[in-house]
Amino acid sequence: MATTSGSAWEDAWRTAAPALSTIQDNLAHSPSPLSRVIRVGQLDAELLDQELSTLLQEPISKALSLISNTFKSRFEPELALLIQSVLYKLSIWDTGASYGARLQDLRYVLASANSSSITSSHIPRRTLLAHGAFTLLIPYLRERLRIHALSHAWPDAPSSDRRRKIWEFLDFLESTHTLLGLLNFVVFLWNGRYRTLADRILRLRLVPSRRQVKRDVSYEFMNRQMVWHAFTEFLLFLLPLINAKVVRKRVYRLAAWFSPSNLLALVPEKPLAKLGLLPPTGTVSGSKKQGKFSALPENQCAICAENASFNLNPSDATNAFTAMAAIPLPSDDHDPDGASAYPIHIPYITSCGHIYCYHCLAERMIQAADGEDDDSGWECLRCGEEVQRCDRYSVGVQENDDLNMSGSEYEFSSDLDMYTDMSGSMGSYTESALSE
C-alpha cells in the first residue's frame, strides 16, 4: 500500500516538472515590475536634508557672531551655500542620493543616460551640474539679490524707476515659481514622481536602492514618548490631590528621628560619660521632657538649627555637615557672649517660654495650623511642649536711682549763666565754679 502511494507521488512530480521549469524560465527572463515608491519617504528625505543643513549651519553662525555681530547677517547666504555645496558633493554627486534619501533607502536615477561623461553616481555630469545650479546656485542668487534690493529700498522707488521695475519683475518670477511648484506638488501626490521642479525638468527620479523594498518603521521611540506622556498626565492629575505641606511635615518628623542628638540618645550614657560627652549618670537629677535641641544655647534659634540639619548644600554657611560637626550637648560650656551660629532675628517668645525667630516661628505655626490630618499643634524644639501662642519678646530696662547726678560736681547749672573773658574762653558750668 505504501509502495503504491509513493509511486503515485513520483509520477505526479515527473508530470509537473516540465511545467514548473517553463514557469521558472519565463519569470527569470520577464522584466521585473516597477517598484512602488512611497511618497512620504521622498518628502521625509527632503525634510531630513533641510534639518541636516540647519544643524551644521547653526554652530558656525554662533562662532562667527562671537567674532563680529555683523558676520552672521553679512555672510549667512554664503555660509549656507558653502555647507549645501559640500553636502551635495559628498552625497548626490558621489553616491547619487542625498543623506536624507539614503536614510529612506532611495537614490536618483535618470531614465536615459546617453552621455559618455558618467560620474560615480551613474548620472551624467551635465545633469548633476544643472541640478546643482537649480537647487543651490539659483536660490543663493535670489536671496542675495533680495537682500541687496531691500537694503537699497528698491520697493520704495518711484514706479518709473528701473529699480522698481526690476523688483516687480522679481516678484512676478517668485509668484510664477510658487505657482509652478504647487502644480508640481499636486502632480507628485498623484503619481509619486518628480518631487521638485528641478527633478521634473531634468527627469531625475527617486527610486528604491534595492529591488525588494522593506520599509521597516521602528515604533520604539513613539512608544517611549507615549508612555512618558501618559505618566506626565497622571502626575498632573495626582499632584493636586496631594497635600504637600502634610507630606513635608511628615518628612520633617521622620528626619527628626535620625537627627544627631536623637542618635546620641540611643547610645548608653556610660560610654559617653567616659568620653567626656555626658556627665556621669549619678549627677543626672530626675527625668524631664526635652526637645531634640534642648541643649542649644538660649541665644540661638532652634528652628534655624533644624533647618540647617536638613540642608545638604555644602556651599551654604550652615548645612547638615556643619550641624553634625557642632552637635549641641548638655555638657558643653557655651559662651553667652560668643558668636552665635544661629542668631535670633526679631525674637518672639512662645507659650512655653522659649525664644525663636519671628519668621521661623510663624512658618512652623502656620504649617501646623494647615495640617488637616493632625489636630495637634507645633511642638517646641527645646522642651517638646505644644506651642499654643507666641508674643513679641521685649526686654525691660531697670532704672537705677543711684545714677542721679544732682549732687555731682559736674552737674549742669540751671541758670546757665555764661560769660566770656577777654581771652574769649567760656565760663564754668558748675555752681562751684560760679561761686569762685
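The dialogue below goes through some of the terms applied to this predicted model and sets values against cut-offs.

Student: How many helices and strands are there, and what share of the residues counts as buried?

Tutor: The protein has 15 helices and 5 strands, and of its 436 residues 23% count as buried. Among contacts with a separation of 6 or more, 62% are accounted for by residues 24 or more positions apart.

Student: What makes the pair D11 and R14 a salt bridge?

Tutor: The term asks for a side-chain nitrogen of Lys or Arg within 4 Å of a carboxyl oxygen of Asp or Glu, and for D11 and R14 the N to O distance is 3.0 Å, so the pair meets the definition. It is one entry in a structure that holds 12 salt bridges. Both residues lie in helix α1, which covers residues 2-29, and they are 3 residues apart, about one turn of the helix.

Student: Why is R14 called exposed while D11 is called partly exposed?

Tutor: Exposed means over 50% relative accessible area, and partly exposed covers the range from 20% to that value. R14 stands at 52% and therefore counts as exposed, whereas D11 stands at 43% and is therefore partly exposed.

Student: How do you know that E58 and K62 form a salt bridge, and where do they lie?

Tutor: The closest N and O atoms of E58 and K62 are 3.5 Å apart, which is within 4 Å, so the term applies. Both belong to helix α2 (residues 39-67), where they are 4 residues apart and thus separated by about one helical turn. E58, with 42% relative accessibility, counts as partly exposed.

Student: Which helices does the salt bridge between E174 and R146 connect?

Tutor: The side chains of E174 and R146 meet at 3.5 Å, N to O. This pair links distant parts of the chain, with E174 in helix α6 (residues 162-191) and R146 in helix α5 (residues 125-151), 28 residues apart. Both residues are partly exposed, E174 at 22% and R146 at 27%, because each value falls between the 20% and 50% limits. The two also belong to a network of salt bridges that links R142, E143, R146 and E174.

Student: Why is Y108 called buried?

Tutor: Buried means under 20% relative accessible area, and Y108 has 4%, so the label follows. Y108 is placed in strand β1 (residues 106-110). Leaving aside neighbours within four places in sequence, Y108 is in contact with residues including I92, I123, H131 and L204.

Student: What makes the pairings of Y108 with R195 and D199 polar contacts?

Tutor: The distance limit for a pair of N or O atoms is 3.5 Å. The side chains of Y108 and R195 are joined at 3.1 Å, and those of Y108 and D199 at 3.4 Å, so both distances satisfy that limit.

Student: Why are α3 and α5 called roughly antiparallel?

Tutor: Two packed helices are described by the angle between their axes and the distance between the axes. Helix α3 (residues 69-95) and α5 pack at an angle of about 170°, with their axes 10 Å apart. Angles over 145 degrees count as roughly antiparallel, and therefore α3 is roughly antiparallel to α5. By class, their contact has 10 nonpolar, 5 polar and 5 charged residues. On the α3 side the residues include L81, Y88 and W93, and on the α5 side they include L128, L136 and I147.

Student: What sign does phi have at A153 and at I346, and where do these residues lie?

Tutor: Most residues other than glycine have a negative phi. A153, which is not a glycine, has a positive phi of about 60°, and I346, also a residue other than glycine, has a positive value near 55°. A153 is found in the loop between α5 and α6, and I346 in the loop between α13 (320-325) and β3 (347-350).

Student: Are A153 and I346 buried, partly exposed or exposed?

Tutor: A153 has a relative accessible area of 33% and I346 has 45%; neither value is under 20% or over 50%, so both residues are partly exposed.

How values were computed. Residues are numbered from 1 along each chain as its sequence is written. This is a predicted model: local features need pLDDT of at least 70, side-chain atom pairs count only at pLDDT 80 or more; totals for chains, interfaces and linings use all residues. Side-chain values use heavy atoms; hydrogens and water are left out. Helices (H or I, at least four residues) and strands (E, at least two) are DSSP runs, numbered from the N terminus. Buried means under 20% relative accessible area, exposed over 50%, partly exposed in between (1.4 Å probe, protein chains only). Contact means heavy atoms within 4.5 Å. A polar contact is a pair of N or O atoms within 3.5 Å; within protein, one must be able to donate a hydrogen and the other to accept it, and residues adjacent in sequence count only if both atoms are side-chain atoms. Axes are lines fitted to C-alpha atoms, for helices over the stretch in contact, and angles run from 0 to 180 degrees between N-to-C directions. Angles under 35 degrees count as roughly parallel, over 145 as roughly antiparallel, 65 to 115 as roughly perpendicular and the rest as oblique. Ala, Val, Leu, Ile, Met, Phe, Trp, Tyr, Cys and Pro count as nonpolar, Asp, Glu, Lys and Arg as charged, and the others, Gly among them, as polar.
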